[in-house]
Amino acid sequence: MTMITTRTVEYPADGLTMLGHLALPAGVDRRPAVLLGPEGVGLSDVERRRADALAELGYVALAFDLHGGRYLGDPETPSASRCWPCSYNWKLPAPPPTNLAQTIEEAFAQHEDAEVILSFPGPGAQLGARVLAEIGDDRERFADARGLKAYAGSSPITRASGKKSAITRRWVKNDRLNHAGYLWAFAPLTSSPGAKAHYRRRRDGHGDWHASALRNLSNRMIGQLHHCLQQHELFDEQAAFPAPPALEVSAA
């Protein structure tokens, strides 16, 4: 067994004198160090034995203290004292709002991009806030609409090998933004004539399944969103979904 040296070290923290357990390997050369954190009830023999075992492997190991030399896991300690977060003046986080939806809507409405996002058909304040949270408000983050589409996972990938090629969906993407885009594409089918017509063209003209047609619509909407956010313009139904050119019928 490797010879080690152990001792108790004192150090101040949070107005208390902490009593840590330091285990040193044999020798005087420089060694890697390991810091061991105990459970919430405090430093126990378990952490001390772990520090000793690490020292036998050549590490300098310190098992630090939490409660100024006290161990709150003692069965004789009153249960109220065993609640270790109560031993200090912890700054607990603020309680969650009672109406989270209202809080999100109020905060989103104050953002400068909210007007642009809400001008699109489909996303309400909550879905719009989710989209904004995922793409951020740094307009230089995405060099062009293709970058945002790839990030959202709405644009397909074309894989070619020899004479064969295949178009597949993206698997590496922001899943939260991808899901928000799917919901967003579904919502305007009843409120935007252009979105509904685009969806029907994908279903009837291209033979897409429902999910594929929605993904294609989401891809188009995200591209429009990138343009509108860059130019700080509101959504324009006619510009986003122009009427397809009429087919010319030649006389026989």
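**Pockets, cavities and salt bridges in the predicted model**

The largest pocket has a volume of about 200 Å³. The structure described here is a predicted model, and every value given below was computed from it. A total of 14 residues line the largest pocket, and those nearest its centre are Pro156, Ile167, Ser212, Arg215 and Asn216. Two elements, strand S6 (164-168) and helix H8 (210-231), give two or more residues each to this lining. The largest share, four residues, is that of H8. By class, the lining of the largest pocket comprises two nonpolar, seven polar and five charged residues.

Enclosed spaces were examined next. The count comes to two cavities of 30 Å³ or more. The volume of the largest cavity is about 80 Å³. Its lining is formed by Ile135, Gly136, Asp138, Arg139, Arg141, Phe142, Leu148, His226, Leu229 and Gln230. With three residues, H8 gives the most to the lining of the largest cavity. Four residues of this lining are nonpolar, three are polar and three are charged.

The second largest cavity holds about 30 Å³ of space. The residues that line the second largest cavity are Val131, Ile135, Leu148, Leu177, Gly181, Trp184, Ile222 and Leu225. At least two residues of this lining come from each of H4, helix H6 (175-186) and H8, and H6 gives the most, with three residues. The lining of the second largest cavity divides into seven nonpolar residues, one polar residue and no charged residues. Ile135 and Leu148 appear in the lining of the largest cavity and also in that of the second largest cavity.

Leu148 leads to a further element, helix H5. The buried residues of H5 are Leu148, Lys149 and Ala152. Seen down the axis of H5, these buried residues fall within an arc of 100 degrees, so they line one face of the helix. The cover over the buried residues of H5 includes H4, H6 and H8. Just after H5, a positive phi of about 75 degrees is found at Gly153.

Helix H4 also contains Gln126. With a relative accessibility of 42%, Gln126 counts as partly exposed, because this value lies between the limits of 20% for buried and 50% for exposed residues. Residues touched by Gln126, not counting those up to four places away in sequence, are Ala101, Ile104 and Glu105. Gln126 and Glu105 are 21 residues apart in sequence, while their C-alpha atoms are 6.2 Å apart in space.

The final part of the analysis concerns charged side chains. Side chains of opposite charge can pair when their charged atoms come close. Across the whole structure, seven salt bridges were found. One of the salt bridges joins the side chains of Asp113 and Arg139, with an N to O distance of 2.7 Å. Asp113 lies in the loop between helix H2 (100-109) and helix H3 (114-118), and Arg139 lies in the loop between helix H4 (125-135) and helix H5 (145-152), so the pair ties together parts that are 26 residues apart in sequence. Asp113 is buried, with a relative accessible area of 2%, whereas Arg139, at 24% relative accessibility, counts as partly exposed. Arg139 is also among the residues that line the largest cavity.

Another salt bridge lies within a helix. The side chains of Asp45 and Arg48 meet at 3.0 Å, N to O. Both residues belong to helix H1 (residues 45-56), where they are three residues apart, about one turn of the helix. Asp45 is partly exposed, with a relative accessible area of 48%. Arg48 is likewise partly exposed, its relative accessible area being 29%.

A salt bridge is also formed between Arg202 and Asp208, whose closest N and O atoms are 2.8 Å apart. Asp208 has a relative accessibility of 12% and therefore counts as buried, this value being under the limit of 20%.

How values were computed: Residues are numbered from 1 along each chain as its sequence is written. This is a predicted model: local features need pLDDT of at least 70, side-chain atom pairs count only at pLDDT 80 or more; totals for chains, interfaces and linings use all residues. Side-chain values use heavy atoms; hydrogens and water are left out. A salt bridge is a side-chain nitrogen of Lys or Arg within 4 Å of a carboxyl oxygen of Asp or Glu. Buried means under 20% relative accessible area, exposed over 50%, partly exposed in between (1.4 Å probe, protein chains only). On a 1 Å grid over the protein atoms alone, a cavity is a set of points where a 1.4 Å probe fits but cannot get out, and a pocket is an open set with protein on both sides within 12 Å along at least five of seven lines; lining residues have an atom within 4 Å of a point. Grid points are joined across faces, edges and corners, and a volume is the space filled by probe spheres set on the points. Ala, Val, Leu, Ile, Met, Phe, Trp, Tyr, Cys and Pro count as nonpolar, Asp, Glu, Lys and Arg as charged, and the others, Gly among them, as polar. The arc is that of the directions from the helix axis to the C-beta atoms. Contact means heavy atoms within 4.5 Å.
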